[in-house]
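Trainee: I am new to this structure and would like a close look at one part of it. Could you take a single residue that a record singles out, describe its surroundings, and then place it within the whole?

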Amino acid sequence: MTTAPALLPPSARVYVAGHRGLVGSALTRYLTAEGHEVITRTRAELDLRDPEATAAFLRDARPDVLVLAAAKVGGIMANSTWPVDFLEDNLRVQLSVLAGAHAADVDRLLFLGSSCIYPKHAEQPIREDALLTGPLEPTNEPYALAKIAGISHVRSYRHQYGRRWISAMPTNLYGPGDNFDPETSHVLPGLLRRFHDAVAGGSEEVVLWGSGTPRREFLHSDDMARACTALLRAYDEPDPVNVGCGEDIAIAELAALVAEVTGFGGRIVWDTSRPDGTPRKLLDVGRLRKLGFEPAVALADGVRDTYRWWLEHKDS
Ligand code: GFB
């Protein structure tokens, strides 16, 4: 009797697409520390939207495992300002990477989606089977549709070609290496930046977006890297797996935490002309827990570390 090869053998060479991003950089650090050879290419070396260049690279590099962490991502304002870019860039990257990986006979692949793929008013905590059961949040519908296409694409390769490819759906992520631009970033680095600038400029007031009532779940990128590796080692089913910490907080509570970490003692003003987005996005992480994964970084510690990282890197 023959047995299937291990899902992630210790000798596996892993190509991390998007190794300079928030997840890709954490995953590259983690896999390297675990003894894997990690293959990377910068955007200048390889444009993943280009199918021929991507296929040629994969044919030469022949990775055993591929993690698709390259994506056009951004916060609520970036998504609603540049919907075409979020739809097209993500679809193009997914098409060329998945087709190229198949042509290069890549046996194991992890595709990363996002919790915004679920319906805007999904029952909380959101289970994986809520996918495609209701309308999406309009501010990120193009991005969500591209990611939903990616999940279906991965499932289709499994079904039609027997590929051992899987998808993970992370909650809102944060950590070192994130985008801290106040207009285009996600909320956590955006708030760190706004409060830091207020303290540095001696301002008594910080203006934040929306009402402060939406709730979000935050996971540190180092925990995300551990979760990805756990999935690559043990999971081989068509359904995506939610990745989160199982707890959420209101944006106003997050603002209070960031104010404390940055030493801001002034007033917070809520600009309700800016969008709130989805009211709540808490993932059901039962499936991931069954694989033995538990997050290790508490939010307050993670926010402090991320702020420290940014202070050290903001000028470079
Ligand atoms: O992180 P965020 O941009 O993304 O915003 P989403 C979360 C919440 O924080 C929203 C509020 O209710 C914002 O109105 N917020 C308050 C702020 N102040 C700020 C600020 O200064 N900057 C930002 N960015 N938000 C994104 C999706 O949705 O989440 C993406 O658009 C993706 O597609 C990503 O799924 C994970 O959680 O609302």
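Mentor: Let us begin with Tyr 143, which counts as buried because its relative accessibility is 9%, where buried stands for under 20% relative accessible area, exposed for over 50%, and partly exposed for what lies in between, with a 1.4 Å probe and protein chains only. This is a predicted model, in which local features need pLDDT of at least 70 and side-chain atom pairs count only at pLDDT 80 or more, while totals for chains, interfaces and linings use all residues. Residues are numbered from 1 along each chain as its sequence is written, and side-chain values use heavy atoms, with hydrogens and water left out.

The UniProt record, an unreviewed entry, places the feature "active site" at Tyr 143; positions from UniProt are given in the numbering used here, feature names are shortened, and such annotations may be inferred rather than shown by experiment. Tyr 143 is found in helix H5, which covers residues 141–161; helices (H or I, at least four residues) and strands (E, at least two) are DSSP runs, numbered from the N terminus. Setting aside residues up to four places away in sequence, Tyr 143 touches Lys 72, Val 73, Asn 79, Phe 86, Asn 90, Ser 114 and Cys 116, contact being defined as heavy atoms within 4.5 Å.

Two of these partners, Lys 72 and Asn 90, are also in contact with Asp 85, again leaving aside neighbours within four places in sequence. Asp 85 is found in helix H4 and, at 34% relative accessibility, counts as partly exposed. Between the C-alpha atoms of Asp 85 and Val 73, which are twelve residues apart along the chain, the separation is 9.8 Å.

The loop that precedes helix H5 deserves a look as well, since most residues other than glycine have a negative phi, and most peptide bonds are trans. Pro 125 is found in this loop, between strand S4 (108–112) and helix H5, and the peptide bond from Gln 124 to Pro 125 is cis, with omega near -15 degrees. On the other side of S4, in the loop that runs between helix H4 (83–103) and that strand, Asp 105 has a positive phi of about 60 degrees although it is not a glycine. Arg 62, likewise not a glycine, has a positive phi of about 45 degrees; it lies in the loop between helix H2 (51–61) and strand S3 (65–68) and, at 41% relative accessibility, counts as partly exposed.

To place this part within the whole, note that the protein has ten helices and 13 strands. Its radius of gyration is 19 Å, close to the 20 Å that the globule rule gives for 316 residues, so the protein is as compact as a globular protein of that length; the radius is taken over C-alpha atoms, and the rule is 2.2 Å times the number of residues to the power 0.38. Along its principal axes, the C-alpha trace spans about 70 × 45 × 40 Å. Buried residues, of which Tyr 143 is one, make up 51% of the 316 residues. Among contacts with a separation of 6 or more, 82% are between residues 24 or more positions apart.
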